[in-house]
Amino acid sequence: MSTSRVAISLTGATGYIGGSVLTRLLHHPSAATFDITVFVRSAEKAKLLEEKFGVKAVVGTHADSDKLEAFAEQSHVIFSCADSDNLPAIQAILRGLRKRHTATGDVPILIHTSGSGTVCDMAGGMFISETIYSDMNVDQIKSIPPTAPHRALDLAIVDADTQGYARTYIVLPSAIYGIASGPLVDAGISNPFSIPIPVVVRIAFARGEMGMVGAGKNSWSNVHIDDLTELYIRIFDGATKDKESIGHGWEGFYFGENDEHQSLELCKTIAQVLAELGLGGSGEPTTYITGELTKYVGSEDISHFLGANSRCRADRGRSIGWKPSRTLEDLLKGIKPEVEALWKKQLQDGA
Ligand SMILES: NC(=O)c1ccc[n+]([C@@H]2O[C@H](COP(=O)([O-])OP(=O)(O)OC[C@H]3O[C@@H](n4cnc5c(N)ncnc54)[C@H](OP(=O)(O)O)[C@@H]3O)[C@@H](O)[C@H]2O)c1
């Protein structure tokens, strides 16, 4: 990387993924050369980020598309870590990057967060699929239907790369686990909890026992948050140091994966922990009945993800030197402390 300052922007700084990526950027060996600007909803957190962490902050929501566009326009590198499904937001970011390219000739770098939910099937918890997606298999990646989750954004992003006004990298985390830690979490700025495990644990708190979709035979790949954060940094380093050294555009899909779990094994472990802690149930998960998920999370849609196979291999990340170390064993070992932390938070929040 040259010694000139690098304009880096990030959305989702107050979130689980974005907060973890920002934390890692603040500790990057070249951090002194970064000019980091974040886009956040909370004016209070923006102030804390500026005063305690020396980053600039723009206060806005994704609905402020002009603001988001201007935010993107001033970025040589932008990490999009807030939302894998908000198409107008990514369109605003892409408009900003195109404007920058037109005005300056720079080809800005977009590192966007999608998800392996894009390859979910309709198993409904009833079978394990033999299909495993590899991010090195470009034809397989191209075969994902345009109607798949996250896909509309991913296609718009690849199109920007094909048109040549941005270089694009899409990270597709599988089920992320682990409680995020670090100064942004300690300062109350970023969310320490992921989505997949906390969601089903909170539903279990409400329903009095652990649930699952169908027979829990489906399988999800998984990745620890600290390993995943390293993948973003690997991509960032590759994209900024030697731009042709790593794949972008259609060759720029990077699954975040190290190992996988069958839903039944995960749900049983959670059920056993809940029983052991006296938080409900007999130690065995029971199948959700129709209407239950609507009662607890407002819709049945989540059952599509919970009951799906989402099996992938992070071959591309490994090919650029990413070395994730946590495995299924770490995921299962982390269930008890995570259930305890979620229960403590629920009591604190008075829910
Ligand atoms: N966690 C996983 O296992 C996983 C796996 C694959 C993909 N993903 C996807 O990755 C994305 C980020 O996930 P996460 O786990 O980091 O979630 P998270 O902790 O809930 O973080 C979401 C972040 O986006 C911000 N945000 C949301 N809507 C916004 C809006 N309208 N305007 C401005 N900021 C907004 C939030 O800001 P506030 O703090 O103001 O709410 C927060 O900073 C999600 O789309 C998720 O589906 C997650």
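In this predicted model, the shell of residues around the ligand divides into eight nonpolar, twelve polar and two charged residues. Of the 22 residues around the ligand, those that come nearest are Thr14, Tyr16, Arg41, Ser84 and Asn191. The space that the ligand takes is the largest pocket of the protein.

Polar contacts to the ligand involve both backbone and side-chain atoms of the protein. On the backbone side, a polar atom of Gly12 is found 3.5 Å from an oxygen atom of the ligand, while for Gly15 a backbone N or O atom lies 3.0 Å from a ligand oxygen atom. Arg41, which is also among the residues that come nearest to the ligand, places a polar side-chain atom 2.9 Å from an oxygen atom of the ligand. Of the 910 Å² of accessible area that the ligand has on its own, the protein covers 78%.

According to an unreviewed UniProt entry, residues 12-86 carry the annotation "domain: NAD(P)-binding". Over this stretch, residues 12-86, the chain is 41% helix and 20% strand, and the C-alpha atoms at its two ends are 13 Å apart.

Terms used:
Residues are numbered from 1 along each chain as its sequence is written. This is a predicted model: local features need pLDDT of at least 70, side-chain atom pairs count only at pLDDT 80 or more; totals for chains, interfaces and linings use all residues. Side-chain values use heavy atoms; hydrogens and water are left out. A residue is near a molecule or strand if one of its heavy atoms lies within 4 Å of it. A polar contact is a pair of N or O atoms within 3.5 Å; within protein, one must be able to donate a hydrogen and the other to accept it, and residues adjacent in sequence count only if both atoms are side-chain atoms. Accessible areas come from the Shrake-Rupley method with a 1.4 Å probe; for residues, only the protein chains shown count as cover. On a 1 Å grid over the protein atoms alone, a cavity is a set of points where a 1.4 Å probe fits but cannot get out, and a pocket is an open set with protein on both sides within 12 Å along at least five of seven lines; lining residues have an atom within 4 Å of a point. A molecule sits in a cavity or pocket if more than half of its atoms lie within 2 Å of its grid points. Ala, Val, Leu, Ile, Met, Phe, Trp, Tyr, Cys and Pro count as nonpolar, Asp, Glu, Lys and Arg as charged, and the others, Gly among them, as polar. UniProt positions are given in the numbering used here, feature names are shortened, and annotations may be inferred rather than shown by experiment. Helices (H or I, at least four residues) and strands (E, at least two) are DSSP runs, numbered from the N terminus.
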